[in-house]
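I opened the model to look up its overall make-up, and then one charged residue and one hairpin.

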Amino acid sequence: MTQFKMEVLILKFINNEASPEDIIAISNWLDQDVNHQKVFNDLIKTNYTVNCSQKTFNTDAAKKQFLQKIKEEKSVFFKARIRSYFKYAAIFIVFLSAFYLFKINIFFKATDTQAILREESITLQSENGSIQIINPINTQIITDNQGKVIGSQHKNKIVYAGELNLEKLVYNTISVPNGKRFELILSDGTSIQLNSGTSLKFPVNFVKGEIRQVFLNGEAYFDVTKDPRHPFLVSSSDMNVKVLGTKFNVTSYKNDAKTYTVLVEGKVAASDHLNHEEVILKPSERVYFEGKQLKVEPVNVRKYIAWISGELMFIDDSFAVITNKLERKYNVQIINNYEDLNSIIITATFKNENIDQVLKTFQTYKAFNYTINNRVITITEPKKM
């Protein structure tokens, strides 16, 4: 049995969905290689790290349930599988250790801290409302509401399985907090880079004969797999973007003044929700909604997709526009009490600089004072000499 399939069995056991045969298979697999125990422990720790951030465990009840399970199965499997029950004991020790390890950790105990954890973590919400925290350090299996494997996550990427020919659409929603980025590979092979402060609702796989539609709040770069029979549609607050196969960037943050799409390669049709007006974009063009109508203009594409490689690129941008991007990039809040600063125009590129270095660069454009306290940056007018 492959490690991938074994990880699925272990996750079923963790979720109390494994059959006796599954448990015996796990036991035999653990005996085959000493490295298997590390894989097993890592999966348990990852799972309970996530669960402990969302709920409080009753270890006494867990122990009682575990021992009852052994008692029930013992009458059937004891003679042939007595060795498996010793493995049960080892597994339970790991479980119990995980319970206590995370229960005593104040970071996960406090209710307010749990909310902070959710806000600062990448999360994946299934259609039934359950939320899974995505840890970029680990590898984990993505399952649906019935426990069926639909994809896998490795570091900063989730890859969904191929088309399953479902009869109805089932949606997941991924949310990327400020200060982080993430990549998503949909079931049709479409690649989506998600910028900081972005959420995307999408089908876990697509239904034959229907358009491929996703719903965006934030910023994302799309490399769409070509499929003329199933057009791809990105829906945001002000605009729909319809394509057959192309590369483009959509920005639609709620706290930004404009929603816009920049075409990198191919051809897209953009339409607004108000007048249902439609315009066709050519590469290196940007479309945005302003004054109750769509407007198109040529742009420097690099400026709009630099974030994919971790860069911040500003070309003749006002400080007022830049502020929102800084907040998302560095996960900070900026309070600007110096209104004259909003009118300055900035051209600059940053990649590895921290927020302090960025602000010091802006001071060369116009003098101002600032303080940083718990991720809150307060900007004030410099004192007159």
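How many Å² does the protein expose, and what share of it do carbon and sulfur atoms supply? I read about 20,200 Å² exposed, 51% of it supplied by carbon and sulfur atoms, with areas from the Shrake-Rupley method and a 1.4 Å probe, where for residues only the protein chains shown count as cover.

I note that this is a predicted model, in which local features need pLDDT of at least 70 and side-chain atom pairs count only at pLDDT 80 or more, while totals for chains, interfaces and linings use all residues. Residues are numbered from 1 along each chain as its sequence is written, and side-chain values use heavy atoms, with hydrogens and water left out.

I found 9 helices and 23 strands, taken as DSSP runs (H or I, at least four residues; E, at least two) numbered from the N terminus. Buried residues make up 46% of the 385 residues, buried being under 20% relative accessible area with a 1.4 Å probe, protein chains only.

I then looked up Glu-219, which lies in strand β10 (residues 212–223). Glu-219 is buried yet has no salt bridge, and Arg-328, the nearest side chain of opposite charge, is 5.7 Å away; a salt bridge needs a side-chain nitrogen of Lys or Arg within 4 Å of a carboxyl oxygen of Asp or Glu. The Glu-219 side chain does make polar contacts (N or O atoms within 3.5 Å, one able to donate a hydrogen and the other to accept it; for residues adjacent in sequence, only if both are side-chain atoms), with the side chains of Asn-195 at 2.9 Å and Thr-251 at 2.9 Å.

Lastly, I checked the hairpin of β1 and β2, where Gly-129 takes a positive phi near 95 degrees.

Technical notes. Buried < 20%, exposed > 50% of the residue type's maximum accessible area, 1.4 Å probe, protein only. Lys, Arg positive; Asp, Glu negative; His and termini not counted. Pairing = 2+ DSSP bridges.
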